[in-house]
Structures are given as C-alpha cells and as structure tokens.
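Visitor: I am new to this structure, and I would like to know what stands behind the words people use for it. Could you show it to me and take my questions one at a time?

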Amino acid sequence: MPGRARRLFHTISFRLFLVCFIFVLSSEVIVSALSYRYIKNEISSSQLERAKQLLLKEQQYMDLYVALIHNTMALLSSSSETWRGDMSAAQTGLEGVYRTHSEMLTDVYFIREDLSIVGGNPVTKVLNDPLPAREELYWSAYSNAYGSISVSRPYPSFFSGWTVTFTKALTFAGEPMVIALDLNLTALQERMDRISHGSNLQLAILDDQGHVIVEPSASGPFRVKDHRLLFDERDSLELIHQKDDVFREPMNGIPVTVMKGFIPSTKWIVFAFSDNTSLKNSLQRLESFFFGILAVGILLSMVTAAIVARMIRRPVYALIRKMSQVRQGDLNVTIPKIRSDEFGELTDTFNTMLGRIRTLLDHVNLSERRKKELEIQVLQSQINPHFLYNTLGSISNVVEAGRYEEVDNLIGALIAILEYGITDFSDRASLSEELRNVRDYLHIQNIRYDSVFELIEEIDPDMLSHPVLRMALQPIVENSIFHGYSGGRFAGAIRMTAVRMEGQLLIEVTDDGVGMSAEKVSALLLPIQENGDEAGRRKRIGLYNIHQRIQLNYGECYGLSVWSEENRGTRVTLRFPDLGAGERSSLAT
C-alpha cells in the first residue's frame with residue numbers, strides 16, 4: 001500500500017491535481033487576505049476619521065461656547081453703563097442674564113471689593129455674604145489687563161458645585177468690582193455625552209495642568225481621583241505633554257487611541273478616547289465571513305483541480321508514449337493531430353522538432369565530412385613541393401654565399417613550420433603560437449626573396465593566450481606576399497592587430513600591396529570552382545578554407561571579411577568568439 005501511494009504521488013495526474021489545487025487555493029487565500037487587510041484598513045481609517053470629526057465638532061462647540069461666554073461678559077459690561085450705579089438695576093439685569101443662560105451658567109454675579117456679591121441666581125441673591133474663596137477670583141481679574149477676561153482653574157463652589165469661573169474687572173458705582181460667570185459643567189457633560197452617543201468614543205476636557213473640567217464616562221479604561229484623570233496609576237499630564245495629536249497609549253492593558261485638540265482662548269485640551277471595541281467587533285464578524293469564503297474556496301479548488309487534471313492527463317500520457325519511442329531511437333515517430341487547442345500545437349511542435357533533429361543529424365554528418373576535407377586541403381597547401389623546393393633552394397643559396405650563420409635559423413624555421421603544420425587541425429592554438437608560426441614563415445620568405453617583409457604586431461599581451469584555429473593566419477600572410485607584394489618583387493609591411501568588440505575577438509591582417517578590384521573581393525569567399533587560373537584558385541582556396549573552418553567550428557556569425565582597393569592594399573578580418581578566462585583555461589587543458 002505505501003508503494004502504491006508513492007507511485008500515485010509521482011504520476012502526472014496527481015501532481016497536476018495538486019498544483020491546480022494549491023494554485024487556486026493560494027490565489028483565493030491571497031485575494032482574501034488582501035481584501036481583509038484592505039477592508040480592515042478602510043474600517044480603521046473610517047473610524048479614525050469619524051473620531052477626528054467628532055473631536056473637531058466638540059472643539060467647534062467649545063469655541064462657540066467660550067465665544068458666548070465672552071459675548072455675555074461684553075453684554076454685562078455695556079449694560080452696566082445703563083444702570084448708572086444703581087444696584088437694584090444691576091440686580092435685575094444679572095437676574096435676566098441668568099434666566100437667559102441658565103442652561104449654560106450656574107450663576108451670574110458681581111464680586112464686590114469686600115468679597116460680597118450681587119447675584120443673579122435666586123440662591124446667591126439672598127446668600128451674598130463675603131466669602132474668602134472669592135478673593136482669588138477677584139484678584140485674578142485685576143492681575144490681567146483691565147477689560148480682559150480671566151479663566152479660573154476648575155474648583156468646587158459652595159453654590160455651583162464643580163465649576164470654572166470667567167471673570168472680568170469692572171468699575172461700577174465708583175467701586176472696583178468683578179463680573180463673574182460660573183459655568184454649568186453638568187450641562188456641558190451632558191452635551192459631550194450627546195455628541196459621542198452611538199460611538200465608542202469618550203470625550204473629556206482638561207486644563208493645561210491636568211485638572212478635569214469634563215470627565216469621560218466611568219466605563220473607560222481610566223478613573224478620576226481628586227479631579228485628576230488616572231490610567232495605570234499615571235497622571236493625565238503625560239497625555240497633555242504628548243507631541244502628537246493622535247497616538248496610541250496602553251491603559252490597563254488595553255491599547256487606546258487618543259486624540260486631542262487645543263482651545264487657545266481658555267488653554268483647555270479636548271480629548272477623545274477610543275478603545276477600538278467596535279472595530280474589534282466589526283473585524284470579528286469580517287473574519288467569520290472570510291473563513292466561510294475560504295471553506296467554499298477549498299471545495300471549489302478541489303473540484304477545479306480535478307477537472308483540469310482530467311483534461312490534461314489523457315493527451316499528456318499519449319505524448320509520453322510517443323516520446324518513449326523516440327528515446328528508444330525511433331526518430332520516425334509522428335503524432336496525429338486530433339485536437340485544435342494547445343495540445344494540438346504541442347503535437348505540431350513535437351513533429352516539427354523531430355523533423356529538425358533528423359535534418360540536423362544529416363547536417364552534422366555533412367559538416368564532419370567537410371571539415372575533414374578542409375583539413376586535408378590545409379595540409380596539402382602547407383606542405384607543398386614548391387614551398388619545400390624553394391626553401392631548400394634558399395638554404396643552398398645561403399650556403400654558397402657563405403652566410404653560414406643563417407643556415408641554422410633557416411633550417412630551424414622550416415622544421416618549426418613543418419611540425420606546426422602537421423599537427424591535428426581540430427586542435428586550437430593560442431594566438432601567440434599562430435604569431436610565432438607567421439614569424440618563422442616570414443623569416444624564410446625574407447631570406448628567399450632577399451627582401452624585408454616587416455611584421456608589425458599591435459596586440460595586447462592579454463590577448464596572446466586567446467585560442468584561435470590552427471593555421472588560420474599563415475595562409476593570409478602568404479597571400480599578402482604573393483599577391484599583395486607581387487611574389488616578393490617589392491618589400492612591404494604586414495600589420496596584425498587584435499581587439500575585443502561586442503563579444504568577439506577581431507584579428508586584422510593588413511598589407512599595403514597592389515590590392516584588387518571589388519569583383520575579385522566579392523568572389524574570394526565563394527565556393528571553389530575547378531576551372532580558372534591556378535594562382536587565383538590557390539589564393540581563394542586558402543581564404544575560403546579558413547572562412548569555412550571558422551564557421552564550422554564556431555557558427556555562421558564568425559569567419560572572414562575582406563576589404564581591398566586597387567593600389568591601396570588589402571585588409572582581412574578574422575572573427576572569433578571572445579572567450580572568458582575560464583573557457584580559455586578549459587580549452588588549454
């Protein structure tokens with residue numbers, strides 16, 4: 001049973017099923033994960049933006065609230081002039097302002113110099129005796145510029161409870177007094193609750209010293225003690241001193257998003273706290289939804305994978321059977337095309353590939369035969385009777401002339417050429433070895449013609465180890481002497497250069513000889529015809545031979561190119577692949 005399961009795992013149908021299943025399922029998981037992340041970010045951004053809007057709404061309300069307080073102060077200041085120092089008129093005016101703004105204010109009154117009051121509240125209208133607690137309010141009004149409004153710290157008032165008092169210095173009936181407005185913080189708290197109703201936000205207002213003016217609901221991750229907001233036994237001053245307007249702060253182990261805004265006229269800070277409860281609930285519902293989608297996706301993935309595997313299994317098995325026949329050596333296999341889809345194209349490709357393989361095998365056999373024929377031609381052209389006869393004659397002439405010191409060098413050059421020429425032509429030779437063979441050949445020709453054929457080498461030493469075909473340069477130099485310089489009738493220079501360019505090694509052999517016409521140049525690299533003059537035929541054999549050998553060994557993008565112009569010389573360019581150092585060393589071994 002384990003062996004059968006192992007064989008099943010290695011079958012193409014099972015693997016196709018597994019791949020399709022994993023692909024479809026992973027695609028669904030990726031899309032679901034990205035969708036979940038996107039929706040999560042959108043919900044978080046939406047809730048954060050809504051919280052910012054609520055905070056902005058609260059700031060705008062507080063700005064309007066403070067502006068209304070200032071307007072009330074201005075109204076009382078201007079009305080005091082119409083009262084003309086009459087305390088009864090002032091009492092009546094204060095009562096009217098209190099009744100108008102009773103939802104916003106708990107009391108409206110004048111503080112006299114002896115700390116007694118003239119109140120608009122029915123209680124303070126009667127209980128108007130001096131109280132030492134009013135001294136700070138009185139002098140804070142006069143500590144600022146005359147006519148400016150002062151805002152007290154939040155404090156417990158006997159008449160107004162926990163409150164904040166706005167004060168302004170005023171001279172009435174010739175007496176320095178202070179207008180005082182006690183805020184109704186309970187009504188303000190209710191207003192804050194209405195603003196945040198329906199959200200998980202909790203709003204609070206603190207002064208710049210951390211005293212609570214309006215506290216958040218008691219259900220939050222913090223508590224109020226002595227009118228100070230505490231979280232994790234830390235004081236609310238840490239929140240006030242935070243540089244960012246939006247930040248996250250752990251409170252009793254719960255990450256809470258904190259947003260704050262500043263009210264410049266009172267130096268109060270409005271806070272909005274969110275413990276992300278609604279976000280967590282929304283995400284939990286979203287996760288349940290995505291898990292349901294994932295379960296459906298698994299089922300659909302299995303069904304889809306099974307269908308795809310079945311559609312692919314049959315034509316693949318048919319192709320495998322034909323390929324097995326090819327592997328056994330039968331290259332005449334063909335697959336009948338019975339489908340018009342991709343498997344039909346695969347069938348055509350398979351049949352075309354086999355046809356090309358058969359064609360390539362025929363070409364390879366033909367190429368091998370041509371390479372052998374060319375190597376024999378090179379051997380015949382190098383070790384020819386004329387060359388040996390002329391070289392031996394040159395040795396005899398040197399001996400008769402008594403130039404015995406040149407005999408050894410001449411014989412050594414001849415031996416080196418013969419040894420180099422009879423080596424296996426399928427082997428590569430380094431560029432330096434080819435140059436040494438050319439030097440030996442020129443040494444013999446210089447003595448033979450009693451001329452100086454100067455070899456000028458402009459080659460980077462790093463290129464000397466580059467492999468080239470053996471016996472590729474000497475036939476070109478021979479053509480330069482016999483055809484360019486008219487068989488040695490006049491001397492001249494033969495220049496050799498080598499450069500690397502676009503992945504190729506370019507070797508140029510240039511002479512300043514008689515050159516040739518464009519018609520002759522275009523015929524140099526064409527296949528050899530049996531008829532024609534012997535000199536021209538021999539010249540073309542050498543160049544065509546080299547051109548064919550390079551292309552057979554390296555490809556048709558390499559080989560020879562010839563430029564020549566009558567009475568200006570000839571330049572033959574050999575193109576070899578530029579091999580790296582690793583390839584050169586592997587060829588050398």
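**Reasons behind the labels**

Guide: Let us start with H466, which counts as buried, its relative accessibility being 0%. Please keep in mind that this is a predicted model.

Visitor: Why is H466 called buried?

Guide: Buried means under 20% relative accessible area. H466 has 0%, so the value falls under that cut-off and the word applies. You will find H466 in the loop between strand 17 (453-459) and strand 18 (467-469).

Visitor: What makes H466 and L579 a polar contact?

Guide: A polar atom of the H466 side chain lies 3.0 Å from the backbone nitrogen of L579. The limit for such a pair is 3.5 Å, and 3.0 Å is within it.

Visitor: Why is T573 called buried?

Guide: Its relative accessibility is 8%. Since the cut-off is under 20%, T573 is buried too. T573 sits in strand 22 (residues 569-577). Beyond its neighbours within four places in sequence, T573 touches L506, I507, E508, G559, L560 and S561.

Visitor: Why is R234 called partly exposed or buried, whichever it is?

Guide: R234 has a relative accessibility of 22%. Buried would need a value under 20%, and exposed one over 50%, so R234 is partly exposed. R234 belongs to strand 12 (residues 234-235). Its contacts, with neighbours within four places in sequence set aside, are L229, E249 and P250.

Visitor: What makes L127 fit for a surface patch?

Guide: A patch residue needs over 30% relative accessible area. L127 has 42%, so L127 passes that cut-off, and the same value makes L127 partly exposed. Together with V123, V126 and F158, L127 forms a nonpolar patch with about 440 Å² of accessible area. L127 is placed in the loop between helix 4 (122-126) and helix 5 (134-143).

Visitor: How do you know that the span of helix 12 agrees with what is expected?

Guide: Helix 12 (residues 431-449) has 19 residues, and at 1.5 Å a residue they should span 27 Å. The end C-alpha atoms are 27 Å apart, so the two values agree. After helix 12 comes D450, with a positive phi near 50°.

Visitor: And for the whole protein, how many helices and strands are there?

Guide: There are 16 helices and 22 strands. The protein has 589 residues, 42% of which count as buried. About 32,500 Å² is exposed, with carbon and sulfur atoms supplying 56% of it.

How values were computed. Residues are numbered from 1 along each chain as its sequence is written. This is a predicted model: local features need pLDDT of at least 70, side-chain atom pairs count only at pLDDT 80 or more; totals for chains, interfaces and linings use all residues. Side-chain values use heavy atoms; hydrogens and water are left out. Patches are made of residues with over 30% relative accessible area and no salt bridge: like charges are joined within 9 Å, nonpolar side chains (Val, Leu, Ile, Met, Phe, Trp, Tyr) within 5 Å. Accessible areas come from the Shrake-Rupley method with a 1.4 Å probe; for residues, only the protein chains shown count as cover. A salt bridge is a side-chain nitrogen of Lys or Arg within 4 Å of a carboxyl oxygen of Asp or Glu. Helices (H or I, at least four residues) and strands (E, at least two) are DSSP runs, numbered from the N terminus. Buried means under 20% relative accessible area, exposed over 50%, partly exposed in between (1.4 Å probe, protein chains only). Contact means heavy atoms within 4.5 Å. A polar contact is a pair of N or O atoms within 3.5 Å; within protein, one must be able to donate a hydrogen and the other to accept it, and residues adjacent in sequence count only if both atoms are side-chain atoms. The expected span of a helix is 1.5 Å times one less than its number of residues.
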